[in-house]
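Visitor: Please show me the structure, and then let us go through what stands behind some of the words used for it.

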Amino acid sequence: MDRPASACAPRWESPATLAEAAEILRDAAGSARAIAGGTDLAVRIRRAEERPDVLVDLGRIENSDGVELRPEAGAIGRMEIGALATHATLAEHPLVREHANVLAEACRTVGAPQVRSRGTIGGNLANASPAADGVVALLALDAAVWVQSASSCAGDAGAVPIVDFLTGPGESVLRDDELIGGIVFDRPSPAARSVYVKAGQRNALAIAIASVAAIFEPDAGIVRIALGSVAPTPVRAGDAEALFESDWRGGADPETLFDAVAAAAAAASSPIDDVRATARYRRILTEALTRSALDRICLRKA
Amino acid sequence: MHDRDDREMGAVGSRLVRVDADAKVTGRALYVDDLTFPGMLEAALVLPGCAHARLLKVDASDALAMAGVHAVVTADDVPGENQVGVVDRDQPLLPSERIRYSGDAVAVVVAETRAIAREAAAAVRAETEEIPAVFDAVRAMEPGAPKVHDDGNVFLEYRVRKGNIDEGFEAADIIVERTFRTHHQEHSYLEPLGAIAVPEEHGGVTIYGTMQCPYYVQKAVATVLGLPLAHVRVIQTVTGGGFGGKEDSPSEICACAAVAAWKLRRPVKLIYTREDDFYRSSKRHPMTVTYKLGATRDGTFTAAQIRVVADAGAYSTLTPVVVFRAAAHATGPYEIPNVHTDAYGVYTNRQTTGAFRGFGQPQTIFANESIVDEVAEALGLDPIDVRLKNGLAVGKRTATNQLLTESVGLPETLRQAREASGWDAKRAERGADSDPIKRGIGVGSIYYGVSLGAKGLALDGSGAHMNVYRDGSVRIAIGGTEMGQGLLTVLTQIASDALGAPTESIHVDHVDTSVVPDSGPSVASRTTLMTGNAIIDAAEKLRATMGEVASELLGVPTGEITFRDGRVGAGDRSIAFAELAAECWARNVNTAADGWYAAPLSTFDEDGQGDAYAIYSYATHVAEVEVDTRTGHVRLVRVTAAHDVGKILNPTTLEGQVEGGVLQCAGMALYERMITDGGDILTPDFSTYILPTAMDVPEIETLFIEEPYSRGPFGAKGIGETPAMPGAVAIANAIYHATGLRFLELPITAEAVRLALADGRGR
Amino acid sequence: MKKTIRLNVNGEEWDVDVEPSDTLLEVLRGKIGIKSPKVGCERGDCGSCTVLLDGKSVRSCLVLAIEADGRGIITVEGLSKDGPNELQRAFIEHNAFQCGFCAPGVVLAVSELLAKRPHPSRDDVKEAISGNLCRCTGYEPIIDAVIDLTAKGEE
């Protein structure tokens, strides 16, 4: 049942930089929690599921909520996303829409406008839900995470690929005294087409019961497919990707190939039964959503 | 009964803008949680969360030791009778010996702030000993099932016996039998239950709360406090939605606040968390309905045999009235010569179940309207044709053998819905086999006995007090409750026409039980009918009184006097209504009057035969869907809703009622199920209990048919519930048309559709 | 540990003492006396608590009051200081609300939309209010009111 927050009387700290925030976390030795948009943490505090001694406010930190494209980095450029960028920002940002449409689409499907305007991509990533729409897209984009600790912010050299960053439902490698410093990924090729397809119980305010983030690179003849809500973390459908790569150029009939790739994607899932859906349905959805994604990005179907 | 000769309908029938819209849209409307009183404390309930247990002890020591806690109120603190059952006396307010469902509260904690009260409530320990529990009504009927109450689980039975059922099936060329299931549906009013109890210096108590039935609350509070009714005053606050969910449950929350306030002699506010509301308040009855329908080759129904098992939850609450309505209407709106219905109310250790828009009918409607479609298909007949063939009309008899003598709009609702929806063309076309998106169109028709009927709780009467001030302005006190449906607006229009006074000069108040006598509950789509007629009655008396003065002033015979458009008189001899009011005042003439309307008596004998309800409303919904066979997702594209309302009093508020009801049908059909696991609710909030959002809406077309009811205000009948009744089965029938999948259980989720297809069912 | 924060609510400055864990909803209703944001679920699921925070619609039950320190908050009381504004009048005319509990939140969500997009499509309106649950109206008249109001502006 509901538990009130009155016993939770934390200290409030408003650092000016992420490094300062990380210092506070370190000094609090596990009894501090960082709060950004609050759409996850505020609920838990109200229900006394968390009773931190210190709340570290990330809302006053500057220059950590933007999107930048560094054309000179990586093969053809690299996108850098501030940890505090909101879903609303990413859904509408021209750079994201142009170069990483899958991320814009994914962020657009989160909750509702009031949730998107507050919830941050960093918070979503740190929360590590296997259903996190933005995270599924980032996985397809082969994104990596800068980890900010008190002593340093691990830049490119220490960026943790998302596939290694997430370790289980609600779990990541992030330690109590660490924060997400930023998210980076190599820009897909200019000809790339990407899409995010989500199945929920209704058309808004829906947690995905299955989702697919897919990117098609026509020049390289590959697709990258990430699956959401069907495993302990978002996962890449490696076998499905390999199958596509080996057969797409060979002139295989798209319908047959896509059926096989979609089936392989479903095989890559390991869903569970929960109050929203059964595992069986989630596997079927994974196949259907993958199929639909391929139609749209490879064949340009509506 | 009502002579309409001297009254034109100016305001009635017009799109008068809601009288309460301004306050609501500017944030000035005050709901119960917006109110504070000097010295007010806040309360929280202690819910042990056990489904079935002996209560050994309530240990409040930790809670009482917390700073800011004033009291922990338990059964021992109830000064009167610890009983809050609405019909049957089977429900303690605060159990002292036995917990029967996870919504039972064993204590009320009172503290300085809500946060402290809730935290202290979490610290109260209930020592319990688990008892075997039963979570399914059909199972609960079996011998050997755990008993929820010592007298046994089947506590209620209604039957309808008409004609000879065996002969009826003998005469049939085709017989179809199916068993249908529905589950708990939660009203999901956006304003949670809340109450404030204020002890009064004179020894009584005043209750403020969000509610549909102030007189139920009055009775409940008087009972638990051991006070005469005259010492309990109940004032209904602006109510943020009800849909039946605020019929019985407010009695419980108001009584809890009252006991706490009484003990501490201070105002106490109790507001449920959303989760409390899910656990504690009553839901729509899950039902298992077995339906057997026989028909001859030409589509004439010959026999209907129906068995209804309603899950009453831990306490009876409104089950007797719900099951009565279900039994009386289970055949659907058809004349069937041979009917055999058995309907049971059965205890389980689950959430209590009470009133929810449709009140027992949506569940049986799902069964009967599905079966009608199946029979139609088997006979190669169009579903609307079959309904027209068998449908009720003037001169036909219902399942309770009631002869319908007037106001039967069913055939017209079928015809208009058919035409407006493009039924015939859409019924004939079917998506190409290769198209993953399948289209379908389906229909559902219903009838609904307005007001409480033969087995309603009380004498079916309502009052109004009308006060004309000396400046001609009018203030009206009523016994019926506005909960968003537009009642205050429609009553303003009725009063305006009855007095010939402009709508701007009339003010209708929310209910205060100290002003108007017991007017019964605002349920059963009865309020416009009952309170409207009471207002007309009061106005008649005022017209007589004031008319005499006018007659004297104008030298016109009283028989010729009319009250119209703000003037009173005859021909060119008239006086302004306001002026007449001043003249009456100057002459010490009383310009206040009480009105009363009592519904005609209804009957329902041991075999369920009789004139079960005074009058019936009718409706037909046609639903169009698109089913994505790849994901199972059902898109509700369009609903055509045709309603026989007797008389349109306000087209705008009427449309609003129907549009909202259509979406509730969509919720019942496609999204909503309160899922439980033993005593745990797995969907205790709005992120897991799925309500449709603005991005899930269909197109809606509303059509209104007027078959006037001779005893209704200006001919109007009830409309509150019918919009939430035919839509769910229309959607189910549309899904069948699209896919060949016949679902016997609601909701029909995308998963249900997709897995059925994966199992090879359907076309 | 209590802190004093400054909130600008509907144009007025307020200094209030808050615990960091107090929500903006609690502080607006309990300390400042602004009653229009409602307690519907306290979990961020229903939208009845919606306010505008620096022009963006947020769920005030999920915003800690201290996060709003130094910021501007608008509620429907602020829109209607001289009586209902144009948008509110459109809602009144179209019977957009019945029980009214969701109304303040919806009005603000739409206000935010119209500030960004003065001539929205029906789909735009649906998306803008997709976070506000309404049980009474079926949403239709809300959408009709906005389209009707903004279409007139186009003529």
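Visitor: What sign does phi take at Arg300(A), just after helix 12 of chain A?

Guide: Arg300(A) has a positive phi, of about 60°. This is a predicted model, in which local features need pLDDT of at least 70 and side-chain atom pairs count only at pLDDT 80 or more, while totals for chains, interfaces and linings use all residues. Residues are numbered from 1 along each chain as its sequence is written, and chains are lettered from A and ligands numbered from 1 in the order in which they are written.

Visitor: Why is helix 12 of chain A called mostly covered?

Guide: A residue is buried if 20 or more other C-beta atoms, placed from the backbone, lie within 10 Å of its own, exposed if 12 or fewer do, and partly exposed in between; in helix 12 of chain A, 15 of the 20 residues are buried, and the helix is therefore called mostly covered.

Visitor: What makes the span of helix 12 of chain A close to the one expected?

Guide: The expected span is 1.5 Å times one less than the number of residues, and helix 12 (residues 279-298), a DSSP run of H or I with at least four residues, reaches 28 Å from its first C-alpha to its last, against the 28 Å expected.

Visitor: How many residues of chain B are in contact with chain C?

Guide: Counting residues as in contact if their C-beta atoms, placed from the backbone, lie within 7 Å, 42 residues of chain B meet 41 of chain C. Helix 17 of chain B gives the largest share of chain B's side, 7 residues.

Methods:
Helices (H or I, at least four residues) and strands (E, at least two) are DSSP runs, numbered from the N terminus. Two residues are in contact if their C-beta atoms, placed from the backbone, lie within 7 Å.
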